[in-house]
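Here's a quick briefing to read with the model open beside you. We'll go from the two chains to where they meet, then on to the core and a couple of single residues.

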Amino acid sequence: MSIFGLAFYFTFGGNILVQWGVVPSARTVRAGSWGASLAFIIAAAFASVFDGLIFRYTLTPMGLESMAPIIFAIFVFGMYAALRAVFASLGKSFVDPFDERSFQMTLVLYAAAMMAGQCFSSVWLLLGGGAMAAFGYLAATRFLDAIMERLDLEPVPTAFRGAPIRYISAGLMALAFSGVDASFFARISG
Amino acid sequence: MPNDDRTVTTRAWTAFVGLTPLLVFSNGLLIGLVLGMTFLVVHSTASAVALLVPASFGQRRIFIFSMAGAMIAASVCATLIRIIDPMLFESAFTRIFLTAYTVPVFNAAVVPASMADRERAWENMARGLGYGLAIVLVGLGRELMASGGVTMAQSINPSVFLPIMAQPAGAMVLLGLAAAGFRVATARSINR
């Protein structure tokens with residue numbers, strides 16, 4: 001993957017996640033501050049490096065690729081325990097994130113980690129790929145949110161309001177970006 | 001009425017939306033069967049562990065145990081698929097691993113809040129079966145629409161009939177249309 005590929009992830013990385021079926025939730029970005037978004041991007045970058053390196057240099061040589069989800073779970077729970085410890089040392093309370101938003105974010109982290117692990121080889125590209133995918137996902141969330149707000153002004157049939165039009169909008173976004181990917185970026189980046 | 005109905009989110013609908021990655025990846029009967037069966041095993045494992053671990057362990061620990069059980073179940077399923085058909089594993093391993101990170105599995109791993117919920121835990125198993133069946137049916141429907149036929153063999157059915165249905169974008173459009181159809185059908189049955 002060349003620098004063009006990285007630029008692609010920077011701009012349209014979210015498209016890949018949309019194509020993975022990780023449909024951005026309306027609350028994902030709205031509920032999050034800039035700090036939370038930055039923390040999410042950093043988490044995706046480190047998750048990609050961890051997952052990519054473990055998969056390539058430990059699991060694959062030993063023929064244990066099937067263990068990948070367990071390794072990622074160890075990473076997620078390890079990060080969770082580390083965050084708790086940091087909050088405890090600072091004397092602040094830590095709220096258990098057992099809600100739909102944190103569940104979806106975990107899925108996005110996993111998808112970004114696996115995606116970057118498949119596309120990139122070096123540590124820096126893994127780090128960049130994970131971060132760009134997360135950035136792209138947040139951007140796609142903003143795009144989809146803007147589309148939904150614009151559609152509020154249109155006479156959408158009652159049956160299509162809410163989730164159906166959200167799905168169809170996400171599908172059309174994925175279709176458009178996959179066209180751009182196949183005809184332009186994939187040719188440039190090889 | 002706003003187009004994006006953010007206030008009305010039932011648990012079942014949220015779980016179905018959380019299933020979207022698997023529905024998107026399920027673009028054929030074979031992959032649908034693989035994903036559906038893996039999902040059923042993973043979901044059942046998560047809900048069973050959440051139910052069987054003593055409540056004295058605390059909500060957080062039980063959730064972690066349940067998720068660890070779900071990950072191990074996903075790994076075991078992936079290993080079995082690899083033993084049965086290595087080519088199928090190579091083409092589907094990223095999709096198989098996604099099963100453990102879907103919202104329905106996370107929900108199943110949360111410990112039942114009350115004794116009544118605990119007694120209704122079998123519904124979780126039935127729900128997992130329903131979700132698994134939905135994944136298989138979506139795979140079947142998409143392959144049928146994309147190629148005009150259904151086969152259990154890999155890479156034999158070319159997507160010549162309606163190719164978009166084999167793509168992720170087609171899956172999301174199909175899900176949107178299905179959700180709208182379901183809404184119309186529900187509204188009609190209520191009016192009757």
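A helix here means a DSSP run of H or I covering at least four residues, and a strand means a run of E covering at least two, both numbered from the N terminus. Counted that way, chain B has 9 helices and 0 strands. Keep in mind that this is a predicted model.

**The two chains**

- Chain A comes out with 7 helices and 0 strands, so the pattern along its sequence is simply α-α-α-α-α-α-α, given that helices and strands are read off as DSSP runs.
- Chain B reads α-α-α-α-α-α-α-α-α from its N terminus.
- Burial comes to 45% of the 190 residues in chain A, and to 45% of the 192 residues in chain B.
- In chain A, 82% of the contacts between residues at least 6 apart in sequence join residues at least 24 apart.
- For chain B, 70% of the contacts with a separation of 6 or more are between residues 24 or more positions apart.

**Where the chains meet**

- Chain B puts 45 residues into the contact and chain A puts in 42.
- On the chain B side, the elements giving two or more residues are α1 (11-18), α2 (20-25), α4, α5, α6 and α9 (168-191).
- α4(B) supplies the largest share of that side, with 12 residues.
- By class, the chain B side splits into 30 nonpolar, 9 polar and 6 charged residues.

**Helix α4 of chain B**

- What span should we expect for the 26 residues of helix α4 (residues 59-84) of chain B? At 1.5 Å a residue they should cover 38 Å, and the end C-alpha atoms sit 37 Å apart, which agrees.
- The buried residues in α4(B) include B:Ile62, B:Phe63, B:Met67, B:Ala70, B:Met71, B:Ala74 and B:Cys77. B:Ser66, B:Gly69 and B:Ser75 are also among them.
- Those buried residues pack against α4 (68-89) of chain A, and against α3 (29-52), α5 (86-98) and α6 (103-109) of chain B.

**The α4(A)/α4(B) pair**

- These two helices pack at an angle of about 160°, with axes 8 Å apart.
- Angles over 145 degrees count as roughly antiparallel, and α4(A) and α4(B) are therefore roughly antiparallel to each other.
- From α4(A), the residues involved are A:Pro69, A:Ile70, A:Ala73 and A:Phe77. They meet B:Ile64, B:Met67, B:Ala68, B:Met71, B:Ile72, B:Ala74 and B:Ser75 in α4(B).
- This helix-helix contact has 10 nonpolar residues, 1 polar residue and no charged ones.

**Helix α9 of chain B and B:Pro168**

- The 24 residues of α9(B) should span 34 Å at 1.5 Å a residue, and the end C-alpha atoms are 35 Å apart, which agrees.
- Buried residues of α9(B) include B:Pro168, B:Ala169, B:Gly170, B:Ala171, B:Met172 and B:Val173. B:Leu174, B:Leu175, B:Gly176, B:Ala179 and B:Ala180 are buried too.
- B:Pro168 belongs to helix α9 of chain B.
- Why does B:Pro168 count as buried? There are 25 C-beta neighbours inside 10 Å of B:Pro168, and the cut-off is 20 or more.
- Setting aside neighbours within four places in sequence, B:Pro168 is in contact with A:Gln19, A:Gly21, A:Ala174 and B:Val24.
- The C-alpha atoms of B:Pro168 and B:Leu40 are separated by 22 Å, with their positions 128 residues apart along the chain.

**The nonpolar core**

- Nonpolar side chains tend to be buried together in soluble globular proteins.
- The largest nonpolar core here holds 105 residues. A:Leu17, A:Ala44, A:Ala111, A:Ala112, B:Ala70 and B:Ala74 touch the most other members.
- Helix α5 (residues 100-119) of chain A gives the largest share of this core, 13 residues.
- Not counting residues up to four places away in sequence, A:Ala112 touches A:Leu17, A:Ala44, A:Ala47, A:Ser48, A:Gly130, A:Ala133 and A:Ala134.

**A:Ala113**

- A:Ala113 lies in helix α5 of chain A.
- With 31 C-beta neighbours inside 10 Å, A:Ala113 counts as buried.
- With residues up to four places away in sequence left out, A:Ala113 touches A:Ala47, A:Ser48, A:Asp51, A:Phe72 and A:Gly130.
- A:Ala113 and A:Pro164 are 51 residues apart along the chain, and their C-alpha atoms are separated by 29 Å.

Key: Residues are numbered from 1 along each chain as its sequence is written. Chains are lettered from A and ligands numbered from 1 in the order in which they are written. This is a predicted model: local features need pLDDT of at least 70, side-chain atom pairs count only at pLDDT 80 or more; totals for chains, interfaces and linings use all residues. The expected span of a helix is 1.5 Å times one less than its number of residues. A residue is buried if 20 or more other C-beta atoms lie within 10 Å of its own, exposed if 12 or fewer, and partly exposed in between; C-beta atoms are placed from the backbone. Two residues are in contact if their C-beta atoms, placed from the backbone, lie within 7 Å. Ala, Val, Leu, Ile, Met, Phe, Trp, Tyr, Cys and Pro count as nonpolar, Asp, Glu, Lys and Arg as charged, and the others, Gly among them, as polar. A nonpolar core is a set of buried Ala, Val, Leu, Ile, Met, Phe, Trp, Tyr and Cys residues joined through C-beta atoms within 7 Å. Axes are lines fitted to C-alpha atoms, for helices over the stretch in contact, and angles run from 0 to 180 degrees between N-to-C directions. Angles under 35 degrees count as roughly parallel, over 145 as roughly antiparallel, 65 to 115 as roughly perpendicular and the rest as oblique.
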